[in-house]
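Please find below a colleague's note on the model shown here, arranged as numbered points. The points move from individual contacts to the core, the pocket and the chain as a whole.

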Amino acid sequence: MEAIQHIFIDEDDVPRTVNRRVKVKMIAEAHIDAGLSASEVAEEYQISLSDVHAALAYYYDHRDWFAARDAESEKYLAEHGRKLDDLMDELRQRDNTGK
């Protein structure tokens, strides 16, 4: 039996699902922060349940990398006058309004 690869690293060094190119971090945030079940995440992003579990496993195996990347983003945004949370809120509002 051959192992199935669910996660790859894209050209920008971002881990994504192989099938739909969904960012691992988005899947982890939907499950951990938003409280969606694995099945709900799969439905939300139109990916397989195995993709969700692979993404979560990848996220938990690489939490330090994700934390460091978040810290780099925070620092960059702080230097440019915006907080990551403010930017994320703005992006979520755009998503909800369709603008």
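**Notes on the predicted model**

1. Leaving out residues up to four places away in sequence, P15 touches I7, F8, I9, V22, K23, V24, Y58, W65 and F66. The model is a predicted one, and the contacts of P15 are a convenient place to begin reading the structure. P15 lies in strand β2 and has a relative accessible area of 3%, so it counts as buried, the limit being under 20%. The C-alpha atoms of P15 and A55 are separated by 8.6 Å, although the two residues are 40 apart along the chain.

2. The next residue to consider is R16, which is also found in strand β2, a strand that covers residues 15–17. Is R16 buried or exposed? With a relative accessible area of 16%, R16 is buried, because the class takes in values under 20%. When neighbours within four places in sequence are set aside, R16 is in contact with H6, I7, F8 and D10, and also with R21, V22, K23 and V24.

3. V24 is listed among the contacts of P15 and among those of R16. Not counting residues up to four places away in sequence, V24 touches I7, P15, R16, A55, Y58, Y59 and F66. V24 is also one of the residues with the most contacts inside the largest nonpolar core, together with I27, I47 and V52. That core has 16 residues, and the elements that give two or more residues to it are α1, α2 and α3, the last of these running over residues 49–61. The greatest contribution comes from α3, which gives five residues to this core.

4. Turning to the aromatic residues, ring pairs link Y58, Y59, Y60, W65 and F66 into a cluster, and the count of aromatic pairs comes to four. Y58 and F66 form an edge-to-face pair, with 6.4 Å centre to centre and 85 degrees between the planes. Y59 and F66 form a tilted pair, for which the corresponding values are 5.0 Å and 45 degrees.

5. What is the accessibility class of each residue in these two pairs? Y58 has a relative accessibility of 21% and therefore counts as partly exposed, since buried means under 20%. F66, at 4% relative accessibility, counts as buried, and Y59 is buried as well. Y58 and F66 also appear among the residues that P15 touches, while Y58, Y59 and F66 appear among those that V24 touches.

6. The largest pocket has a volume of about 1000 Å³. The pocket is lined by 27 residues, of which K23, K25, M26, E29 and M88 lie nearest its centre. The elements that give two or more residues to this lining are α1 (24–32), α2 (38–45), α4 (63–79) and α5 (84–97). Of the elements, α5 gives the most to the lining, with eight residues. By class, the lining has 15 nonpolar, two polar and 10 charged residues, a composition that a colleague planning to examine the pocket may wish to keep in view.

7. Two residues have backbone angles that deserve a comment. R21, found in the loop between β2 and α1, has a phi near 60 degrees, a positive value in a residue other than glycine. R21 is partly exposed, with a relative accessible area of 36%. Q46, in the loop between α2 and α3, likewise has a positive phi, of about 55 degrees, although it is not a glycine. With a relative accessible area of 58%, Q46 is exposed, because that class begins over 50%.

8. E44 is found in helix α2 and, at 54% relative accessibility, counts as exposed. The C-alpha atoms of E44 and A30 are separated by 9.2 Å, the two residues being 14 apart along the chain.

9. For the chain as a whole, there are five helices and two strands, and from the N terminus on the elements run β-β-α-α-α-α-α. Along its principal axes the C-alpha trace spans about 50 × 30 × 25 Å. Of the 99 residues, 25% count as buried. Among contacts between residues at least 6 apart in sequence, 39% join residues at least 24 apart.

Terms used. Residues are numbered from 1 along each chain as its sequence is written. This is a predicted model: local features need pLDDT of at least 70, side-chain atom pairs count only at pLDDT 80 or more; totals for chains, interfaces and linings use all residues. Side-chain values use heavy atoms; hydrogens and water are left out. On a 1 Å grid over the protein atoms alone, a cavity is a set of points where a 1.4 Å probe fits but cannot get out, and a pocket is an open set with protein on both sides within 12 Å along at least five of seven lines; lining residues have an atom within 4 Å of a point. Grid points are joined across faces, edges and corners, and a volume is the space filled by probe spheres set on the points. Helices (H or I, at least four residues) and strands (E, at least two) are DSSP runs, numbered from the N terminus. Ala, Val, Leu, Ile, Met, Phe, Trp, Tyr, Cys and Pro count as nonpolar, Asp, Glu, Lys and Arg as charged, and the others, Gly among them, as polar. A nonpolar core is a set of buried Ala, Val, Leu, Ile, Met, Phe, Trp, Tyr and Cys residues joined through side-chain atoms within 4.5 Å. Buried means under 20% relative accessible area, exposed over 50%, partly exposed in between (1.4 Å probe, protein chains only). Contact means heavy atoms within 4.5 Å. Rings of Phe, Tyr and Trp (its six-membered ring) pair if their centres lie within 6.5 Å; planes under 30 degrees apart count as stacked, over 60 as edge-to-face and the rest as tilted.
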